[in-house]
2 protein chains.
Amino acid sequence: MNKEEKLQKLVDISREKGLKLTPQRMAIFRILSESDKHLTADEVYQKARKDYPMLSAATVYRNMEQMVSSGLLSNLGRSGAAMKYDTNLEEHHHFICSHCGKVYDVYLSKVTYELDMEKSRLGDAKIDVSELYLYGVCEDCLNNYG
Amino acid sequence: MNKEEKLQKLVDISREKGLKLTPQRMAIFRILSESDKHLTADEVYQKARKDYPMLSAATVYRNMEQMVSSGLLSNLGRSGAAMKYDTNLEEHHHFICSHCGKVYDVYLSKVTYELDMEKSRLGDAKIDVSELYLYGVCEDCLNNYG
DNA sequence: TATCTTATTGCAATTCAATATCAAGTAAAA
DNA sequence: TTTTACTTGATATTGAATTGCAATAAGATA
Ligand SMILES: [Zn+2]
Ligand SMILES: [Zn+2]
Ligand SMILES: [Zn+2]
Ligand SMILES: [Zn+2]
């Protein structure tokens with residue numbers, strides 16, 4: 001899905017939900033769809049401010065959360081760090097470098113596991129989704145710090 | 001590992017690392033080792049305050065983080081929620097109820113997956129650990145809210 | 001185009017978890 | 001008992017995110 005298609009989706013969903021397409025909202029989404037990284041609300045805010053000096057941080061936070069609810073963004077949160085957002089809606093998982101903290105998208109297939117029902121006291125819980133996080137040291141850090 | 005063994009480990013590791021066994025530290029650890037739930041620093045603080053009215057919250061935060069570094073506690077953080085701690089050091093994963101937010105320990109074996117090296121731009125990254133989170137609706141919520 | 005409705009914005013104040021600072025206190029070794 | 005390094009409590013501060021509200025403006029309607 002390229003930038004134009006993503007932007008069209010923003011337009012469609014906004015119409016569908018009776019949301020208004022403000023310049024602020026479009027700037028925020030454009031920044032995210034033009035980046036291939038996972039950005040925090042503050043990073044988006046800092047970038048958007050260059051074009052919109054009077055933009056409020058609250059607007060950025062509000063919009064990005066709303067875009068997640070609308071299915072326009074996926075998000076990835078870890079405690080201690082700010083929530084990260086991106087427009088990559090493909091099913092994917094994440095690799096997190098323990099050294100530099102950078103997050104990499106990884107594409108995993110055939111994720112399987114066996115659940116020990118005896119030890120796990122889940123009863124009849126309904127399991128919907130599983131998220132797998134890989135931790136390690138990224139290539140950059142391996143090269144630079146051994 | 002029962003309570004006594006856990007407490008002995010606290011004593012051993014403290015000696016080993018030149019840490020002092022203060023009453024506050026022992027109270028904090030005792031509360032955690034007597035609970036079978038994942039507690040937040042504030043929950044531990046509230047419980048400990050009943051016996052130690054002049055205990056400071058900072059002491060609880062400090063100690064619990066220190067216990068993680070010392071290998072006495074495991075912790076589980078999700079953005080937006082306070083860090084949760086417990087004395088369960090067995091290798092385990094977590095099930096999180098999307099409805100009530102409660103966290104359940106689950107024991108998984110044979111966790112496997114296939115990594116798409118083409119799409120995942122990890123290069124020669126060294127992968128150490130994988131953490132699997134299961135999401136769904138817990139038994140309690142299923143019973144109470146359909 | 002002018003008007004209306006209501007989503008949205010900007011701002012400031014606020015929440016909440018967590019951390020930093022530092023003087024005073026104390027566990028444990030010598 | 002003395003010494004010393006680790007800890008504590010109180011308070012201030014940080015950082016991320018949220019909230020309340022009056023003012024604004026997008027998009028529908030006439
Ligand atoms: Zn790295
Ligand atoms: Zn991602
Ligand atoms: Zn539940
Ligand atoms: Zn656990």
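A:Y135 stands opposite B:V129 in β7(B), a strand assigned, like the helices, from DSSP runs numbered from the N terminus (H or I, at least four residues, for helices; E, at least two, for strands). The model is predicted, with local features requiring pLDDT of at least 70 and side-chain atom pairs counted only at pLDDT 80 or more, while totals for chains, interfaces and linings use all residues. Residues are numbered from 1 along each chain as its sequence is written, chains are lettered from A and ligands numbered from 1 in the order in which they are written, and side-chain values use heavy atoms, with hydrogens and water left out.

The β7 strands of the two chains, with residues 126-137 in chain B, run antiparallel and are joined by 11 bridges; two strands are taken as paired if DSSP finds at least two bridges between them. In the wider interface, 42 residues of chain A are in contact with 41 residues of chain B (contact: heavy atoms within 4.5 Å). About 3500 Å² is buried between chain A and chain B, 57% of this area coming from carbon and sulfur atoms; buried area is the accessible area (1.4 Å probe) that two parts lose on being put together, summed over both. Within chain A, the residues that lose the most area to chain B are A:Y107, A:E114 and A:Y135, which together make up 16% of what that side buries.

Four salt bridges are found across the interface of chain A and chain B (a side-chain nitrogen of Lys or Arg within 4 Å of a carboxyl oxygen of Asp or Glu). A salt bridge links the side chains of A:K119 and B:E90, at 2.5 Å from N to O. On the side of chain A that touches chain B, two or more residues each are given by β5 (103-106), β6 (108-115), β7 (126-137) and α5 (139-145) of chain A. β7(A) supplies the largest share of that side, 12 residues.

Chain B also contains an open, antiparallel sheet of three strands in the order β1-β3-β2. Its edges are β1 (39-40) and β2 (74-76) of chain B, each with a single partner strand, so one side of each lacks a neighbour in the sheet. β2(B) is joined by three bridges to the antiparallel strand β3 (residues 84-86) of chain B, and B:S74 stands opposite B:D86 in β3(B). Across β1, β2 and β3 of chain B lies helix α4 (residues 57-69) of chain B, at about 60 degrees to β3(B) (axes are lines fitted to C-alpha atoms, for helices over the stretch in contact, with angles from 0 to 180 degrees between N-to-C directions).
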